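Student: Hi! Could you walk me through this model?
Tutor: Happy to, let's look together.
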Amino acid sequence: MKQGRSARVILIWVALASAIGVPIALAAGSEQLAWRGPVYILAGFAGIIALGLVLVQPLLAGLYLPGLSAYRSRRVHFWIGIALALTIVIHVAGLWITSPPDMIDALTYTSPTPFSPFGVTAMWAIFAVALLALFRRRWGLRLRTWRMIHIPLAIVIVAGTVAHCLLIEGTMETVSKAVLCALVLAATIKVMVDLWRKRTLRGESP
């Protein structure tokens, strides 16, 4: 019984590592990298890593990762949220260095590329959540208020990130990218449904 549980725990962590690691490894072997400079490559892989972190966040929020207590899951969720914001800063800064006019168009929502507005909207939502998480206690935000703000922003982050990634034809391999995006959506929907059920059982208003 104990061995079966240990095997399940290992399988879950291996599956998570593969879901994030395989797209990164395949992107590292992309032929398109031969035509890109180091700063652009760094920016691109920061974006890919950010997508992987977006998958981890709902898994931590829903306490789905074995071996982590509720307290540790919350702490890891907090720090990965900060890491996610930093990877976005690297992603945007690198793209700004390589092509300032394109980034100005993206940030002002005037870019002709269809993926830009989704990415920029997700970026602002990520920054907003990170800022609120850092100053939540100082600003005296109650847990209920925090959730009312955080959950809609999390939905914007996931939807915007997935749309942004799927619309880009870049270094990421198509199938692995689609699978990772599907897992991000599935994990987010799962935690939202579970949260709604728990609140319903406690008699709280949705």
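Student: Which helices each supply at least two residues of the lining of the second largest pocket?
Tutor: H2, H3, helix H4 (100–107), H5 and H6 each do. Helices here are DSSP runs of H or I with at least four residues, numbered from the N terminus. A word on the source: this is a predicted model, where local features need pLDDT of at least 70 and side-chain atom pairs count only at pLDDT 80 or more, while totals for chains, interfaces and linings use all residues. Residues are numbered from 1 along each chain as its sequence is written, and side-chain values use heavy atoms, with hydrogens and water left out.
Student: Which helix gives the largest share of that second lining?
Tutor: H2, with 10 residues. The second largest pocket holds about 1000 Å³ of space, and of its 44 lining residues, His91, Leu95, Phe115, His164 and Ile168 are the closest to its centre. A pocket is an open set of points on a 1 Å grid over the protein atoms alone, where a 1.4 Å probe fits, with protein on both sides within 12 Å along at least five of seven lines; lining residues have an atom within 4 Å of a point. The volume is the space filled by probe spheres set on the points.
Student: And what volume does the largest pocket have?
Tutor: About 1400 Å³. Its lining has 40 residues, with Ala61, Arg74, His77, Trp146 and His150 nearest the centre. H3 gives the most to this lining, 10 residues.
Student: How does the largest pocket's lining split by class?
Tutor: Into 25 nonpolar, seven polar and eight charged residues. Ala, Val, Leu, Ile, Met, Phe, Trp, Tyr, Cys and Pro count as nonpolar, Asp, Glu, Lys and Arg as charged, and the others, Gly among them, as polar. For the second largest pocket, the split is 25 nonpolar, 14 polar and five charged.
Student: New topic: at what angle do H2 and H3 pack?
Tutor: Helix H2 (residues 38–61) and helix H3 (residues 70–98) pack at about 160 degrees, with their axes 8 Å apart. That makes H2 roughly antiparallel to H3, a label for angles over 145 degrees. The axes are lines fitted to C-alpha atoms over the stretch in contact, and angles run from 0 to 180 degrees between N-to-C directions.
Student: What residue classes make up the contact of H2 with H3?
Tutor: The contact has 20 nonpolar, 10 polar and no charged residues.
Student: What comes just after H2?
Tutor: Leu63, which takes a positive phi of about 60 degrees.

Note on methods
Parallel < 35°, antiparallel > 145°, perpendicular 65-115°, else oblique.
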